[in-house]
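Student: I have a structure to go through before group meeting, and I'd like to know what the labels rest on. Can you walk me through it?

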Amino acid sequence: SSPHKEVRSLAANDDYIFAGADTEAGVFRSADMGQSWEIVSSGTPHNAVGCLAIIDGEILAGFDNKTGLYRSADSGVTWSQTGLAGKLITSIVVTEDYIYASTKTEGLFRSSDNGVTWQSVNSSLPGCVVVSGSNIFVGTPGNGVSRSSDNGVTWTAVNSGLPPKTSVNSLLVCGNFIFVATKAGGIYRTS
């Protein structure tokens, strides 16, 4: 099998590349740098995968059917639900102290115990999340980008140079820059 549908997320550990696809198969895995792929979705809701992340050698997957996050400790052979049930997870970011999970409609959540428990950080900031240094950035549908420098306690809009009411599809940290991919088709970069 191969992730021949839309691939929404990629992640890698020392042994495998994982692809989260827009298909009922869900998660694919390659042991040969993408030359061949196998489905590794046993124990998942078998639905489209919105995001993937690696933490301490384990893989986390957020699915599109509001089933929350799933975790695999054996490179995708088996999976178990690990929190945020009922939420549609759009992105996952792992830092030294926290895992952040952004949802489509219910904002940003944070875990300090590797995903065992979760707390809401900000319910008014749904979208995608990235971390750069001590700053958390959330890209939203219609309100551009917000930044927190205190682990999500307070937030500030950082939309200088973005069109008004920008809908953000994706954020990327690259070096000292933050890239913003917008629904309107433009890509913007911090200066």
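Tutor: Sure. Keep in mind that this is a predicted model. The lining of its largest pocket draws on strand E1 (7-12), strand E5 (49-55), strand E9 (89-94), strand E13 (128-132) and strand E17 (168-174), each with at least two residues.

Student: What makes a residue part of that lining, and which ones lie nearest the centre?

Tutor: A lining residue needs an atom within 4 Å of a pocket point. The largest pocket has 30 such residues, and Gly50, Thr90, Ser91, Cys128 and Asn169 lie nearest its centre. Its volume is about 800 Å³. E9 gives the largest share of the lining, six residues.

Student: Which classes of residue are in that lining?

Tutor: There are 16 nonpolar, ten polar and four charged residues. Gly counts as polar here and Cys as nonpolar, so Gly50 goes in the polar group and Cys128 in the nonpolar one.

Student: How much space is in the second largest pocket, and what lines it?

Tutor: About 340 Å³. It has 16 lining residues, with Val158, Ser160, Arg189, Thr190 and Ser191 closest to the centre. Strand E15 (145-148), strand E18 (177-182) and strand E19 (187-189) each put in at least two. By class, that lining splits into seven nonpolar, seven polar and two charged residues.

Student: Back to E9. How do you know that E9 and E10 are paired?

Tutor: Pairing takes at least two bridges. E9 and strand E10 (residues 99-103) have five, running antiparallel, so they count as a pair. One contact to look at is Ile92, whose bridge partner in E10 is Ala101.

Student: Why are E9 and E12 called edge strands?

Tutor: The open sheet runs E9-E10-E11-E12, with antiparallel pairing. E9 and strand E12 (119-122) each have a single partner strand, so one side of each has no neighbour in the sheet. On average, neighbouring strands here are turned by 30° against each other, direction ignored.

Student: What makes a set of residues a nonpolar core, and which residues form the largest one?

Tutor: The members must be buried nonpolar residues, joined through side-chain atoms within 4.5 Å. The largest core has twelve: Cys51, Ala53, Ile55, Leu60, Leu69, Leu84, Ile89, Ile92, Ile99, Ala101, Phe109 and Trp118. E5, E9 and E10 each supply at least two of them, and E5 gives the most, three residues.

Student: Why is Asp56 called exposed, while Lys66 is called partly exposed?

Tutor: Exposed means over 50% relative accessible area, buried means under 20%, and partly exposed is in between. Asp56 is at 66%, so it counts as exposed. Lys66 is at 46%, so it is partly exposed. Asp56 sits in the loop between E5 and strand E6 (58-63), and Lys66 in the loop between E6 and strand E7 (69-72). Each has a positive phi without being a glycine: near 50° for Asp56, about 60° for Lys66.

Student: What about E2: why is it described as mostly covered?

Tutor: Four of the five residues in strand E2 (residues 17-21) are buried. E2 pairs antiparallel with E1 over five bridges, with Leu10 opposite Ala19, and a hairpin of four residues joins the two strands. Four bridges link E2 to strand E3 (residues 27-30), also antiparallel. In that hairpin five residues lie between the strands, and Gly26 in the turn has a positive phi of about 80°.

Technical notes
Residues numbered from 1 in each chain as written. Predicted model: local features only at pLDDT ≥ 70, side-chain atom pairs only at ≥ 80, totals over all residues. Heavy atoms only, no water. 1 Å grid on protein atoms, 1.4 Å probe; cavity = no way out; pocket = protein on both sides within 12 Å on 5 of 7 lines; lining within 4 Å. Points joined across faces, edges and corners; volume = space filled by probe spheres on them. Axes fitted to C-alpha atoms, helices over the stretch in contact; angles between N-to-C directions. Buried < 20%, exposed > 50% of the residue type's maximum accessible area, 1.4 Å probe, protein only.
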